[in-house]
Amino acid sequence: MKTLKQLLEQRPRKLITVSPDDSVFSALELLAKHDIGAVLAMRNGRLAGIFSERDYARKVILLGKSSKETMVREIMTEKVLYALPEQTVSQAMALMTEKHIRHLPVMDSMQVVIGMVSIGDLVKETISAQAFLIQQLEQYITG
């Protein structure tokens with residue numbers, strides 16, 4: 001099974017971030033523009049929190065707040081779970097399933113964010129690995 005480092009290297013993607021001082025509206029624009037469900041809130045190069053569509057739905061819309069007047073820092077999740085690059089896809093999936101989260105930052109031993117994975121990324125990788133294994137077994141059986 002691949003490690004998260006291998007998964008991130010396989011699909012290099014620019015990390016999309018916001019500042020905690022950005023408006024929720026501007027963060028939502030980024031989510032829409034990049035077709036993603038969450039962004040990391042960074043302050044001075046360090047992880048300050050995570051902002052997701054779920055945060056918006058539960059902490060802005062349902063409370064009658066304005067996305068243009070509310071700052072990301074007011075509603076972001078500050079205690080962010082993260083994974084290490086050497087953890088496997090299955091370990092990350094287990095953590096995300098247990099904690100009911102859909103986005104997981106990957107940070108190195110110096111607490112530097114090196115990427116983020118979604119549950120969709122992990123499911124796709126798992127399906128791909130299983131398909132490869134099935135193909136190999138079929139070739140072994142018929143070969």
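This report describes the fold of one protein chain and then looks at a helix, its strands and a few single residues.

**Overall picture**

The structure is a predicted model, and every value below was computed from it. The protein contains six helices and five strands, which follow one another along the sequence in the pattern α-β-α-β-β-α-α-α-β-β-α. Taken along the principal axes, the C-alpha atoms fill a box of roughly 65 × 35 × 25 Å. Of the 143 residues in the protein, 36% are buried, and the accessible surface comes to about 8,900 Å², with 55% of that area belonging to carbon and sulfur atoms. When contacts between residues at least 6 apart in sequence are considered, 55% of them join residues at least 24 apart.

**The three-stranded sheet**

Strands β1, β2 and β3 form an open sheet in the order β1-β2-β3, and the pairing within this sheet is mixed. The edge strands are β1 and β3, each of which pairs on one side only. As a general point, the strands of a sheet pair through backbone hydrogen bonds, in either the parallel or the antiparallel sense. Here β1 and β2 run parallel and are joined by two bridges, whereas β2 and β3 are antiparallel and pair over six bridges. Strand β2 is also mostly covered, with five of its six residues buried.

**The β4–β5 hairpin**

Later in the chain, β4 and β5 pair in the antiparallel sense over five bridges. These two strands form a hairpin with five residues between them, and Q111, which lies in the turn, has a positive phi of about 65°. Strand β5, residues 113–118, is mostly covered, as five of its six residues are buried.

The table gives one facing pair of residues for each of the paired strands described above.

| Residue | Residue opposite | Strand of the residue opposite |
|---|---|---|
| T17 | L40 | β2 |
| A41 | G49 | β3 |
| M107 | V113 | β5 |

**Helix α2 and its two sides**

Which residues of helix α2 are buried? In this helix, which spans residues 24–34, the buried residues are V24, A27 and L31. They lie on the same side of α2, because they cover an arc of only 60° around the axis. This fits the general geometry of an α-helix, which has 3.6 residues a turn, so that residues three or four places apart point the same way. The face of α2 turned away from the buried side carries A32 and K33, both of which are exposed.

The buried residues of α2 pack against several elements, namely the strands β1 (17–18), β2 (38–43) and β3 (46–52) and the helices α3 (53–61) and α4 (72–75). The partners of this buried side therefore include β1, β2 and β3, the strands that form the open sheet.

**Around the start of α2**

S23 lies in the loop between β1 and α2. Although it belongs to a loop, S23 is buried, with a relative accessible area of 17%, a value that falls below the 20% cut-off for burial. Leaving aside residues up to four places away in sequence, S23 touches S67, K68, T70, M71 and V72. K68, one of these contacts of S23, also has its charged end over the ring of F25, 4.7 Å from the centre of that ring. Aromatic pairs, by contrast, are absent: a search of the whole structure finds zero.

**Two loop residues with positive phi**

Most residues other than glycine have a negative phi. Where does D35 lie in the chain? D35 is found in the loop between α2 and β2, and its phi is near 55°, a positive value in a residue other than glycine. D35 is exposed, with a relative accessible area of 72%.

H100 likewise is not a glycine and has a positive phi, of about 60°. This residue is found in the loop between α5 (89–99) and β4 (103–107). With a relative accessibility of 61%, H100 counts as exposed, because that value is over the 50% cut-off.

Methods
Residues numbered from 1 in each chain as written. Predicted model: local features only at pLDDT ≥ 70, side-chain atom pairs only at ≥ 80, totals over all residues. Heavy atoms only, no water. Buried < 20%, exposed > 50% of the residue type's maximum accessible area, 1.4 Å probe, protein only. Helix = DSSP H or I, 4+ residues; strand = E, 2+ residues; numbered from the N terminus. Arc of directions from axis to C-beta. Contact = heavy atoms within 4.5 Å. Phe/Tyr/Trp six-rings, centres within 6.5 Å; stacked < 30°, edge-to-face > 60°. Lys NZ or Arg CZ within 6 Å of the ring centre and 35° of its normal. Areas by Shrake-Rupley, 256 points an atom, 1.4 Å probe, with all protein chains shown as cover. Pairing = 2+ DSSP bridges.
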